[in-house]
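Colleague: I'm new to this one. Could you show it to me and walk me through the pockets, a strand and the aromatic rings?

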Amino acid sequence: MMKKGTLLIVICCLFTQIGFAQKLLTVSSPDGKIKTTISLGDKITYTVKGYDQTIIDASPISMTLSSGEMWGKNVRLEKETRQTINQTIVSPFYKQKQIKDNCNELILNFKKGWGLKFRVYNDGVAYRFINYRKEAFTIRNEEVKYNFTDDFPATVPFVNIGRTKDIKSKEMQFANSFENTYTTDNLSKLDSNRIAFLPLVVQAKNGVKVCITEADLESYPGLYLNSINNQNSLVGILAPYPKRSEQGGHNMLQLRVKEREDYIAKVNGAREFPWRVAIIASEDKQLAQSDMTYKLASPSRVTDYSWVKPGKVAWDWWNDWNIYGVDFEAGINNATYKYYIDFAAANGLEYVILDEGWAVNLKSDLMQVIPEINIKELVDYGAKKNVGIILWAGYHAFNRDMENVCKYYSQLGVKGFKVDFMDRDDQEMVEFNYRAAATCAKYHLILDLHGMYKPAGINRTFPNVLNCEGVFGLEQLKWSPATTDMVKYDVTIPFIRMAAGPMDYTQGAMKNAAKGCYAPINSEPMSQGTRCHQLALYVVLESPFNMLCDNPSNYMREKENLDFIATVPTVWDETKVLDGKMGEYIVTLRRAGEKWYIGGVTDWTARDITLDFSFLGKGTYKATIFKDGMNAHRAGRDYKKEEVLVTADSSKSIHLAPGGGFAVKLEKQSE
């Protein structure tokens, strides 16, 4: 028979364990509208509530080491630290000159040298793991799961695996370019055989939307999400570390993974892991306005970035070097690029890019240049006209000789690189991107990471990284079928992909197809939607390093449009999304110095937008307005330019054709 004293001890221990299992900690946003509750015990879960609903239901958090140890199982809290962060971040080369960073933070340190950090903002929640150990180890997996209270609709970009039929193979899906249109369906009906890359959006009740992404992704694989059959959940998937790779892919410029390790990441000492981010918006326009990714990124590691120069780029590849009205044969040769340089100089463009073709094909050696190109001659020619030269580089060619390539071409006077065809985001590739950014910064080279996943904050950590792709950009209309709906995509990406940072979308087409008129033509490509839709994208989309995709000959026939494109800024002092609905339309206001710009685009539904100029304050402004012409619904190139005087008391109604848009430039005339 058990003695009373023994029974009392057992009961006390039992209640202690139950109490521990039910230990709850809460963190709220500064405005009190969003609250996260963390439950500690035999496992860790967190719940997010706000806007009179449970936005994320109890969702587990854990990390499993290769040793079998699990962070997040039978946890024993050692220390709890709270603070309110309220600071201003200087943000060069961004959509705002300064960012207000205000959140409440909770840091939980557990026995055995690991922890969790939570931050709750007025527009979302983020958490990350922390490692305090000095010794090296490997991580087998991280458990990331988002449970929702109902079968909500989700808008997701599945990896584009081309023609392969082996969609159940995760390895086939890990090798992707992070470019695809969006699929919208209920969580339970999403294809569980396909993985989705980030960001993506889940629509909760009453119009509340949750944009799931990650930030401060460094030396760690990128996160994918996968649906679960007939469940209201998304579960995380991370690519294992490459064990064996072979050169191959596009023109032998890639490394294709042939075998992977049984772990996802190597850890060499104390560090913090990527943020798991849920941006929460009660109105769609708040998603397009969000700065959470930038705020959560590591601060700049470039002490002096005064040499970094954002700007516009005359681009050759999309228009297939198809200039005309010249007395030489256009192509990849010095005569063609001098023409591009002359065009850039005449219109105040900062750069000309030499895209693929200047280096000897199939050699993966950037020191071998084709005989038709003399880079030093082009650099010197451009320098006399204040036009910098940017060089395209395939991933493997750049990676295998990075230090030498950067040093040599920097000394030659080249201003930067556009690196392409990484097409992976395992730990090895993520580390390459940071190494490329650091090496380019060392030699004062700007960097455009094409063939890349979403930026996830690297543009804050290395301000010389002016742009990243990770977007189904206009280049797709050189080959995509007529069923591709780029117009709808254009009014979706500002609310999803753009929440992760700037993107190399490459707008600016002068051949514009109204609905039903588009066809893919490689050497004479066109856009979908109207001319003003293209103009407006220079205001709506964020690209500090922004291409003019069409050829100089076409632009020079469209002087009014060229003047607007060439002079619209690429970085901003202030940005505000005035209105919008994901997948339907967006209207964005931006300021650079004393000039204001407004851009708006719509899907294939015609709309009437009324602009309220009350933001102007005192004085009279000249408004230069580009709007869809009366026949833009039939001839996409049809537009009308008008100039009117406006004040803060003025308003203006603008009609947008199907697939249309408008762009406004406001310049102060008097006090």
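**Rings, a strand and pockets**

Modeller: Let's start with a charge and a ring: the charged end of Arg 591 sits over the ring of Trp 596, 6.0 Å from its centre. The rule is that NZ of Lys or CZ of Arg lies within 6 Å of the ring centre and within 35 degrees of the ring normal.

Colleague: Before we go on, what kind of model is this?

Modeller: It's a predicted model, where local features need pLDDT of at least 70, side-chain atom pairs count only at pLDDT 80 or more, and totals for chains, interfaces and linings use all residues. Residues are numbered from 1 along each chain as its sequence is written, and side-chain values use heavy atoms, with hydrogens and water left out.

Colleague: Ok. What lies over the face of Trp 317?

Modeller: Lys 478 does, at 5.0 Å from the ring centre.

Colleague: And how many aromatic pairs are there?

Modeller: The count is 39 aromatic pairs. Rings of Phe, Tyr and Trp (its six-membered ring) pair if their centres lie within 6.5 Å; planes under 30 degrees apart are stacked, over 60 edge-to-face, and the rest tilted. Trp 317 and Trp 479 make an edge-to-face pair, with 6.1 Å centre to centre and 70 degrees between the planes.

Colleague: Where do those two sit in the chain?

Modeller: Trp 317 is in the loop between β23 and α5, and Trp 479 in the loop between β28 and α11, so the pair links distant parts of the chain, 162 residues apart. Helices (H or I, at least four residues) and strands (E, at least two) are DSSP runs, numbered from the N terminus.

Colleague: Is Trp 479 buried or exposed?

Modeller: Neither: Trp 479 counts as partly exposed because its relative accessibility is 45%. Buried means under 20% relative accessible area, exposed over 50%, partly exposed in between (1.4 Å probe, protein chains only).

Colleague: What about Phe 626?

Modeller: Phe 626 counts as buried, at 2% relative accessibility. Phe 626 lies in strand β36 and Tyr 639 in strand β37, so their pair ties together parts 13 residues apart in sequence.

Colleague: Which residues form an aromatic cluster?

Modeller: One cluster is made of Trp 358, Tyr 395, Phe 398, Tyr 408, Tyr 409, Phe 417 and Phe 432.

Colleague: Switching to strands, why is β39 largely enclosed?

Modeller: Because seven of the ten residues of β39 (residues 661–670) are buried.

Colleague: Which strands pair with β39?

Modeller: β34 pairs with β39 in the antiparallel sense over six bridges, and β36 does so over eight bridges, also antiparallel. Two strands pair if DSSP finds at least two bridges between them. Tyr 597 has Lys 665 of β39 as its bridge partner, while Ala 623 has Leu 666.

Colleague: Now the pockets. What's the volume of the largest one?

Modeller: About 1000 Å³. Of its 41 lining residues, the closest to the centre are Asn 176, Ser 177, Glu 179, Phe 421 and Asp 423. On a 1 Å grid over the protein atoms alone, a pocket is an open set of points where a 1.4 Å probe fits, with protein on both sides within 12 Å along at least five of seven lines; lining residues have an atom within 4 Å of a point. A volume is the space filled by probe spheres set on the points, which are joined across faces, edges and corners.

Colleague: Which element gives the largest share of that lining?

Modeller: β19, with six residues.
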